[in-house]
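Hi everyone, thanks for making time today. I'd like to walk you through a couple of spots in the structure I've been looking at, so let me put it on the screen.

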Amino acid sequence: MLKHLHILVFLLLTCTISLAQTEEVQIEVYGFEDGLSHRNVFKIQQDNKGFIWLATFNGLNRFDGIQFEKVDYYPAEKNNSNHYIEDLCVDSTGQLYVLDNRGVYQFAADNFKSTAIYKTEEDQNFEPKRLFLDRQQQVWFSSFSAELGSSLLHSPYDSLNTLPLLGNYPDKPMVEDDRFIYTVIKDRTIQSLTKSGKPVSKFRIPSTARISNLWVDQNNQLWVLTERGEVFYREYNKFIRHELSDQITSNKYLMSAFWMEPNGDIWVGGFSSLWHYSATRKKATNYNGRIRQITKNAVNYRTIYQDRQGVLWVATDFGAVKLVKSNRLFQQYLNEGSEFCDHGICSMRGITGDGEGHIFFSYYNSIHQLDTKTDIITPLFRSVPFNNPPFGIFYHKNHLYTGNGLKINVKTLQIDTLFQVPTNDKGTMTMDKDSLMWFAYEQSIYVYDQQDSLVNLSFLPELQEAITSDITYLYQGRESDYFWVATNANGLFQISTSKGVFTSINTQNSDLSSDRILAVYEDNKANLWIATANGLDQLHIPTGRIEVLTTEEGLSNNFINGLLPEGDTCIWTSTDNGLSRYCIADQSFTNYYQQDGLSSNEFNRISFYKDYNDRLYFGGLNGVNAFYPSQQFMKQKEATEAPILWTSFARFDGNVDRLLTQKTQLSPDTTIELTHQDKFFTIEFTLANYANPSQNNYSYMLEGFEPTWSKPSNNHVARYYNIPAGDYIFKVKAAAVGENWQEEQLQIPIKVHEAFFNTWWFLLTALFLATSLVIGLFKLRIYRVEQGRRKLEKEVEVRTQELQQAKQKSDELLLNILPAETAEELKKYGKTKAKRFESVTVLFSDFKGFTNIAEQLSPEDLVAEIDLCFRTFDEIMDMYGLEKIKTIGDAYMCVGGIPVSEKNMAVKMVQAALEIQAYMAALQLEKTELNQPCFEARIGIHTGSVVAGIVGIKKFAYDIWGDTVNIAARMEASSEIGKVNISEATYQLVKDHFICTPRGKIEVKSKGLVDMYFVEGLKRQG
């Protein structure tokens, strides 16, 4: 029985080690629901710009990380949906070579233009089957005749001759090294060719299985895959069987996909098998099970491709499979859970070590011990359950101490209780330089002297009164006289054990970024690094100066749970979203996430430790991540920058009054030309890093129009309205998830042409004509003045008397209309008397179905949409000299004729209303194309008398009252979507300028029957 128990423990340990060393791979499958034109994919490639191209059963697809777009590549047809693509190649210039059952075509990715290279005629026996692009960017292809049972190799260097390929099967793979081109001519025979296609020699592989794929690695070594999953490599003219061949255990038949990574890792795929062989671990892993959990079907893995950022793409009959490998920068422990963890997930609560190679991990239900020499991890309590909620664990002399006062003998597993406290998620401890153990639980501090003597630290009663929240961390400074005490809501305290005094540091008396502090570390330059809930604070202890580092400076997340030093040069912080390494010398952050090999992006407090070998440990929601920081570690994090793709450009053309969208021939080398009639334009972009495209960040600006960059976000669309004439440059910068901003930016020149009536030549001509007219009128006036001078002299005396009387009357009339003391009255008393205006025009508008649309949008998006509309309304009001009164919810009110009445104010109000409806119609077009909800407006107008004035004594509001306002509101309520409804009074003022449709008398609440009219547009003049 004991023997069997030992075997079981050994198997558990072996399983734990195996799981800890399994490489992390994120898997995603794209299909119909993601926009792919067909789930049956045959080949995947990447072009020189960064777009991903997919050959499917239903035509050619382009993927930019955001959406799939089906592309018509066949020159004679606009719709190639009935033709499936068997093979696809992309050269270094962005030219695509497409092979389907009709022939071979060259397709330009930039302008979507296609040319036929080879066509399958109806009377021709041979049908193209596989493409090959050599190092000179010349395309080869093989063809197969089912009737004859043979294949031909077509060379780009000799169009008259073809090379027969034996073997009664269509798929003939080809590869190239620095000397020859290789292809398969029989089931197990390889033919070498010169670069011009002349046969050289033949050789067979030591297998009975048919060759299904060939590969040449970076060292020009030839590799062979057979349908049974055997892998051979050629060395000194001899084929050697690779050890991967024996590790492929499931379905060793119909294997055809092969890919070798630069680091020597190998991927092999076939029916229900997708194997990854790690060159470092010498071990193969089958990912078919994980993929089948997603597809719910058996999958045939046809071809494998790795893009420039290292993302692997697999073409299958159930979609495009994307595999993102972690960089394996970290060793993980307990990330796969254990039998002691809650629901199999180990959320860590403390880490410590004995200084001799044993590390202890604690969590709610157990403590595990890691032997770093063997990398074996075992539970400390193997048969007896151990449950200890508090945070914190510390090792000293064969004993583990917990934050809630437990003392555990690691040899005998005897548990002693040092002090009684509730079993809550609280508690931390440390040891000072005199080997005294310090405990902090809730707001109390205890000291244990290793002689079973425990005292409550009560020599500072003022400190006990000052700490009103839980203590989160204890740390002894480099000077043994003082301790740092971090709290959950009271900031930081520095206490002197010898002097019995303390100093408080918090947000009220310093530049500390937050009063919630979870860890501190003091370096050898008198800097205290403080982990807060709002960033990493650096306190210079002698001066008290604090510098705050946040996500604005590159930190992965502002909530910091722990920190550890890397020598004296860097600080590592564990956050709620990844690990961050801060280099003190160049003041830069490098961030690490799950895609870099972390078990989880979220970490826990009091769960970090640095052992005697300078190995760092950080615990989080899913186990522990351990690593040795080094230069090689940093180099492995470095990644090739991905290009920023310009995917779409759209503009609302005022000439044709519709939205025009362009998705091809988008080159930053060509300037976008816009006119003053193009009311708005949008630019879509994306980063060609497909590891996790939804989390890529972007920031953009229109240089010459915007002074600063937009706030970083994953928004990949920029929209601009009514840009003034001028020359601009639209700039985009991007960052892959977890990375810093890339140096390369997307820059698109944009030129907005001036309207002809604002050009210099038009203005100069107008000035000349105006000057000539003024001179002519001036001379005419001089002539008339001279003629009437004598007559005027006789009337001067009479006129002077009349003018004096008129002036007296006008002064009296002015004082009657506008008392001089009105302004002084407002300044002196804070209020004025209301004024009546006899003829003003009032406009009301609101949005149809506002409540329904509001339910579809978040509050932020709803306010943004209303703000967009009302900003445009305000611009229109200013253009026509009208006065906005107020907005209430989705209602908008304005008036014409106040405070200064002008001629044709009613006409201007109707023109403004038509402008608003035109803008709303244009906005609806844009929203409809984007499948987004859009507001639709109703407008009502009435002309009459109102009373206007200032109300209230605070936050003065200029408002109008009267029956005219009420009738205008009724006009809006009786209007229809997209219409301008006017009253009889307004109609009489504007009927000579606008086409109006009588609506007859309509019942209006509290007003009875009222004549109304719809304004249809301006009347043609002349």
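I'll talk about one sheet with its helix, and then about a group of paired strands.

Please keep in mind that this is a predicted model. Let's begin with the sheet. It is open and has four strands, in the order S58-S57-S60-S62, with antiparallel pairing. Which strands sit at the edges? Those are S58, residues 658-662, and S62, residues 717-721, and each of them pairs on one side only. On average, neighbouring strands in this sheet are turned by 15 degrees against each other, if we ignore direction.

Now, what packs on this sheet? Helix H10, residues 905-929, does, and it touches S57, S58, S60 and S62. The direction of H10 makes about 40 degrees with that of S58.

If you zoom in on S57, residues 644-653, you'll find five bridges joining this strand to S58. One pair to look for there is Asp 653, which stands opposite Arg 658 of S58. As a quick reminder, strands of a sheet pair through backbone hydrogen bonds, either parallel or antiparallel.

Let's move along the chain to S71 and S72. Strand S71, residues 994-1004, runs antiparallel to S72, and ten bridges join the two. Across that pairing, Cys 996 faces Val 1015 in S72. S71 and S72 form a hairpin with three residues between them, and Ser 1006 in the turn has a positive phi of about 70 degrees.

S72, residues 1008-1018, also pairs with S70, residues 980-983, over three bridges in the antiparallel sense. There, Asn 981 has Phe 1014 of S72 as its bridge partner.

That's my tour, and I'm happy to go back to any of these spots!

Note on methods
Residues are numbered from 1 along each chain as its sequence is written. This is a predicted model: local features need pLDDT of at least 70, side-chain atom pairs count only at pLDDT 80 or more; totals for chains, interfaces and linings use all residues. Side-chain values use heavy atoms; hydrogens and water are left out. Two strands pair if DSSP finds at least two bridges between them. Axes are lines fitted to C-alpha atoms, for helices over the stretch in contact, and angles run from 0 to 180 degrees between N-to-C directions. Contact means heavy atoms within 4.5 Å.
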